[in-house]
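Reader: Before I rely on any label attached to this structure, I would like to hear the reasoning behind it. Could we take the terms in turn, setting each value against its cut-off?

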Amino acid sequence: MTDSITNIRARIADARREAEARGISSPRVVLVPTMGALHDGHLRLVDEAKKLGEIVVVSIFVNPLQFGPHEDLSAYPRTLDADVARLAEHDVHLVFAPTPAEMYPDGDASTRVTAGEVGFTFEGRTRPGHFDGMLTVVSKLFHIVSPDVAVFGEKDRQQLFLVKRMVKDLNVPVEVHGVAIVRADDGLALSSRNAFLSEGERRSALVLSAALDAAEFSQSSGVDAALAAAHSVLDGETSIDLDYLAAVDPETFSPVDDTHVGQAVLLIAARVGTTRLIDNRTLAVS
Ligand SMILES: Nc1ncnc2c1ncn2[C@@H]1O[C@H](COP(=O)(O)OP(=O)(O)OP(=O)(O)O)[C@@H](O)[C@H]1O
Ligand SMILES: CC(C)(CO)[C@@H](O)C(=O)[O-]
Ligand code: BAL
C-alpha cells in the first residue's frame, strides 16, 4: 500500500498532466492547509483557491506539534469522511489527509522552523511553541505538495503574518494569499472550535465581534479610542475570560500606540467556557 505522501504527489502529477493535455501550459497548484472539521470559512478558502489556480489541494491534518500539552489535541473535532464528501461536492478531489505517523515517522520532528520574536507574542505567549509547530508543518506541507500558491484565512491573522514572513525569510517559492474572515450572520467568526460551545456560550462569544465593531466605530478617533470602545463592550462581561486585546501594525505585528496613523489590526482572544476563540479586525486609524 502506498502512503498518502507518495499518493498525493502522484495524483498531483497526474492532475498536472491532465491539465496540460487540456491545453493549460503551466497549471498552477493551490494548497489550502486545514485541520479539518470543515465549515463555510474553509470553503471560502477553497473558492478563492479555485480562482488562483487549476489544481486545488486541501490538506487535513491535526498537527500535534502545534498543540501544547494541556491543549485540545485529543478533543479537536475530527470529521474526515464528512470533510472529504463536502470537498467532493465542491469539486475538490485532491485531499491530503496523512496520519501523524506518516508526517512524523520518528514520532517528532527534531528539525523545526522557528517563528522568532513575533512567535512569542499574543497567540504565541499563551500557546508557547505553537507557531514553531505550525510553521514546521506548513513547511512540510509545502515540500510535499509543491504548491505555486497557498491560501490562509485572516481569522488566524498572526499565523498568516508568520507564514508570509517564513516564505520571505526562507525564499520559499510559494505565493501566500490571505482571505477575509467569514462570519456567521450574528457576527461570530466561523471556527472549528465553535462546535465546542454550548448555546449560552455561543451567545456570550458574540461579545468578541461586538467589541471589534465598537472599535471600528471609533477608529477615526485613534488607537486608544478604538481600544477604549472595545473595552467598554468587554468590561463587566463575566461570561468570557479575556486573554488579550491589542492593536498591531500589520506590517510588523508590533503593538501600535495612539500616535499611529493608517492601518492597525485589532486582535482579540478570549476563553468562553473551556473554548479559546480568536478574532481580529483591520482598522483605518486617524
Ligand atoms: N472564519 C474564517 N474565515 C476565514 N478563514 C478561516 C476561518 N476559519 C478558519 N479559517 C482558515 O482556515 C484555515 C484552516 O484553519 P483551521 O482548520 O484551523 O480552522 P479553524 O476554524 O481556524 O479552526 P480552529 O478552531 O482550530 O481555529 C486557516 O488558514 C484559517 O485561518
Ligand atoms: C495552517 C494549519 C493547517 C497548520 O497546521 C493550521 O494552523 C490551521 O488550520 O490554521
Ligand atoms: N486555526 C489555527 C490552528 C490552531 O488553533 O492550532
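Reader: Which residue does the UniProt annotation "active site" cover?

Author: In this predicted model, the annotation "active site", which comes from an unreviewed UniProt entry, covers His42. That residue is found in helix α2.

Reader: What makes His42 count as buried or exposed?

Author: A residue is called buried if 20 or more other C-beta atoms lie within 10 Å of its own. His42 has 26 other C-beta atoms within 10 Å, and therefore His42 is buried.

Reader: Which residue does the annotation "binding site" cover, and where does that residue lie?

Author: According to the unreviewed UniProt entry, "binding site" covers Gln66, which lies in the loop between β2 (55-60) and α3 (80-89).

Reader: Why is Gln66 called buried?

Author: The cut-off is 20 or more other C-beta atoms within 10 Å, and because Gln66 has 21 of them within that distance, Gln66 is buried. Leaving aside residues up to four places away in sequence, Gln66 touches His130, Gly133, Met134 and Val137. Gln66 is also one of the residues around ligand 3, together with Met35, Asp156 and Gln159, and by class this shell holds one nonpolar, two polar and one charged residue.

Reader: Why is Val176 called partly exposed?

Author: Partly exposed is the class between 12 or fewer other C-beta atoms within 10 Å, which is exposed, and 20 or more, which is buried. Val176 has 19 such atoms, so Val176 is partly exposed. Its place is in strand β5, and, not counting residues up to four places away in sequence, Val176 touches Ala150, Phe152, Val163, Lys164 and Val167. The C-alpha atoms of Val176 and Leu188, twelve residues apart along the chain, are separated by 25 Å.

Reader: What makes β3 and β5 edge strands?

Author: The five strands form an open sheet in the order β3-β2-β1-β4-β5, with parallel pairing. β3 (94-96) and β5 (175-179) each pair on one side only, and these are the edge strands. On average, neighbouring strands of this sheet are turned by 25 degrees against each other, direction ignored.

Reader: How do you know that β4 and β5 pair?

Author: Two strands pair if DSSP finds at least two bridges between them. Five bridges join β4 (residues 149-153) to β5, and the two run parallel; for Val149, the bridge partner in β5 is Glu175. Helix α6 (residues 130-145) lies across β1 (29-34), β2, β3 and β4, and runs at about 150 degrees to β1.

Reader: What makes the pairing of β7 and β8 secure by the same rule, and how do the two strands run?

Author: With at least two bridges required, eleven bridges join β7 (residues 262-272) to β8, and these strands run antiparallel. One of the bridge pairs places Thr275 of β8 opposite Val272. Helix α9 (residues 223-234) packs on this sheet, touching β6, β7 and β8, and its direction makes about 170 degrees with that of β6.

Reader: Which element supplies the largest share of the shell around ligand 1?

Author: That share, three residues, comes from α2, while α2 (40-52) and β4 each supply at least two residues of the shell. In total 17 residues surround ligand 1, the closest being Gly41, Gly153, Leu190, Ser192 and Arg193. By class, the shell has eight nonpolar, six polar and three charged residues.

Definitions and conventions. Residues are numbered from 1 along each chain as its sequence is written. Chains are lettered from A and ligands numbered from 1 in the order in which they are written. This is a predicted model: local features need pLDDT of at least 70, side-chain atom pairs count only at pLDDT 80 or more; totals for chains, interfaces and linings use all residues. A residue is near a molecule or strand if its C-beta atom, placed from the backbone, lies within 6 Å of it. Ala, Val, Leu, Ile, Met, Phe, Trp, Tyr, Cys and Pro count as nonpolar, Asp, Glu, Lys and Arg as charged, and the others, Gly among them, as polar. UniProt positions are given in the numbering used here, feature names are shortened, and annotations may be inferred rather than shown by experiment. Helices (H or I, at least four residues) and strands (E, at least two) are DSSP runs, numbered from the N terminus. Two residues are in contact if their C-beta atoms, placed from the backbone, lie within 7 Å. Axes are lines fitted to C-alpha atoms, for helices over the stretch in contact, and angles run from 0 to 180 degrees between N-to-C directions.
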